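Here are a few exercises to work through with the model open in your viewer. Try each task before you read its solution.

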Amino acid sequence: MDYQKLVIKKNPRVLYKETPEAKYWKRFKSPILIKEYGSVTSINFSPVSPHDFAVSSSARVQIYSSKTHQAKKTISRFKDIAYSGSFRQDGKLIVAGDGTGLVQMFDVNSRAILRTFRAHSMPVHVARFSNDKTHVLSASDDQTVRLWDIPSESSVHVFEEHEDYVRAGVVSDDNPNLILTGSYDQTVKLFDTRTNSSVMTMQHGAPVESILMYPGGGSAVVSAGGPTLKVWDLLAGGRCIHAISNHQKTITSLAFNSSASRLLTGSLDHHVKIHNVQDYKVVHSIKYPAPVMSVALSPDDSHLVAGMANGLLSVRQRQYKSEEKATTKKSQDYIRSGTYQYFMRGQSSMGDAADFTVERRRRAKLAKYDKFLKQHEYHNALDAVLGPTQRQAGLVTAMLQELMHRQVLESSLSGRDDVSLEPLVTFLIRHINTPSYTNLLVDVSEILLDIYGPVLGQSPLIDDLLRKLSRKVNGEIDLQKDLIQSMAALDMLFAKSTTSSSSLSSLPSSSNSLSSTTPALSNIEKVKAQ
């Protein structure tokens, strides 16, 4: 049977409230507040670097620089409120709807109107490019969803199955034939352009404000309506697999991070909350001064932008760490197996984290004190943990506990001179009043006094240390007595008090507190008696 290493007991610790997740999101520092003329209805980042972002507010769409956070271009060719300004995948074109029912496509550099799509009779709140770059999706308050052909400037598909305003819509990145929409009729519908009809309908239970499709197949979708967030499994026929209500008011906007491992939700309750998509628990929350109407995260996870109902635009930027940049670059430069580059890597190529590595069985290296324990040299094992290079409280108490379990503690303490006793007595002085170690160290002190009691007075060094230990124990006993007297006085005050019985019942019983301190006090009294 293999030797088992010494197990160092870990005492409970108070958890630090700031988790690594919170530290990550708090690195989005120095929020810049920009005042727009009206409510910020939409924020969309350019898919290409440097990831500028388009902000739709009032009767214009402004393009902000991600480096200077200043408006670099303004598109104001609208007769009413502009909605859903969105970039094409190459970042060269922008499409947006407005309150008159027009859908217009603009060139980012010249800001010229390239296409105008006229068919909607009411405000268009959704305007998106399809992933094939040749079609535009629009959804309107006239209860229709249209797919436009950019070259011919005509509507190629019209879906009229919703019964109320359509305020959310997206085209699948993996299959441009699939269109997902959400409406104020409390439904989420999946349309297929090949059948020109809906193939799936999901009941959200509240007017749907925003929807998202998970990347990589789109088998799961997320819808937001009212204060509820719902996740649907399309492969299971549109079954609801999660329903989460972490907001107090209506959720207005949804966004993924670059890896789709975190889901951001903006709400009218002034909060943006970040959810872990594995269990949909809130891992962080950010409060804003006004109701949040739209939220977006840049493709490189460096900018968090939120638009509010009072026209404020909040821009937060996160500073990259050098190792994070290296990790991101490595993931981008990853060479997939089976390709020409994979076979031409050369002999100097190192394996990736996902590669299977045949590991060699390495011999476990034992610490010095574990080697002594393995060889049953208990005297030397105790000296090893008490040496100047170790002397950790947890390690020393673990060793003392192990020697006590092996019933060799007395022999390990016997036969020592004043030089070898000095580290042990010093440790007792320092930690005998530590609650986690008191019971054990009181027992060790009793054994030590039993062994060396007959020879006390022969070593000035040990005599001085024992006097310090005695003063430490006496001080602790006096403190415990003072605490007991204080609790007794408080009990008398509470007994005579005429306050409500509810407050009395909520107080902890002094007898329980007294009984919990009695064993430690009795053990310390034993040391004093010695």
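Keep in mind throughout that this is a predicted model.

**Exercise 1. Find which residues Leu403 touches, leaving out those up to four places away in sequence.**

Solution. Start at Leu403 and skip its sequence neighbours up to four places away; the contacts are then Leu373, Tyr378, Leu382, Val408, Leu409 and Ser412. Next, place Leu403 in its wider setting: the largest nonpolar core has 41 residues, and Leu403 is among those that touch the most other members, together with Leu382, Val385, Met399, Leu400 and Leu448. Finally, ask which elements supply this core: H4, H5, H6, H7, H8, helix H9 (438-452) and helix H10 (460-496) each give two or more residues. A second core, separate from this one, has 16 residues, including Trp25, Phe28, Tyr288 and Val295.

**Exercise 2. List the buried residues of helix H5 (residues 378-386) and say which helices they pack against.**

Solution. Go along H5 and pick out residues under 20% relative accessible area. This gives Tyr378, Ala381, Leu382, Ala384, Val385 and Leu386. Then look at what lies against them: helix H4 (368-374), helix H6 (393-405), helix H7 (409-413) and helix H8 (418-431).

**Exercise 3. Describe how H5 and H6 are arranged relative to each other.**

Solution. First take the axes, which come within 9 Å and cross at roughly 165°. An angle over 145 degrees counts as roughly antiparallel, so H5 is roughly antiparallel to H6. The crossing of H5 and H6 is left-handed. Last, collect the residues in contact: H5 contributes Tyr378, Ala381, Leu382, Val385 and Leu386, while H6 contributes Leu395, Val396, Met399, Leu400 and Leu403.

**Exercise 4. Work out why strand E1 (28-35) and strand E26 (292-297) each have one side without a neighbour in the sheet.**

Solution. Write down the strand order of this open, antiparallel sheet: E1-E28-E27-E26. E1 and E26 stand at its edges with a single partner strand each, so one side of each is left without a neighbour in the sheet. On average, neighbouring strands here are turned by 15° against each other, direction ignored. Now zoom in on E1, which 6 bridges join to strand E28 (residues 312-318). One pair to locate is Leu33 with its bridge partner Ser314 in E28.

**Exercise 5. Name the edge strands of the open sheet E10-E11-E12-E13.**

Solution. The 4 strands pair in an antiparallel way. Strand E10 (124-129) and strand E13 (154-159) each pair on one side only, which marks them as the edges. To check E13, follow its 5 bridges to strand E12 (residues 145-149); there, Trp148 has Ser155 of E13 as its bridge partner.

Notes
Residues are numbered from 1 along each chain as its sequence is written. This is a predicted model: local features need pLDDT of at least 70, side-chain atom pairs count only at pLDDT 80 or more; totals for chains, interfaces and linings use all residues. Side-chain values use heavy atoms; hydrogens and water are left out. Buried means under 20% relative accessible area, exposed over 50%, partly exposed in between (1.4 Å probe, protein chains only). Contact means heavy atoms within 4.5 Å. A nonpolar core is a set of buried Ala, Val, Leu, Ile, Met, Phe, Trp, Tyr and Cys residues joined through side-chain atoms within 4.5 Å. Two strands pair if DSSP finds at least two bridges between them. Axes are lines fitted to C-alpha atoms, for helices over the stretch in contact, and angles run from 0 to 180 degrees between N-to-C directions. Angles under 35 degrees count as roughly parallel, over 145 as roughly antiparallel, 65 to 115 as roughly perpendicular and the rest as oblique. A crossing is left-handed if the near helix is turned anticlockwise from the far one by less than a right angle, and right-handed if clockwise.
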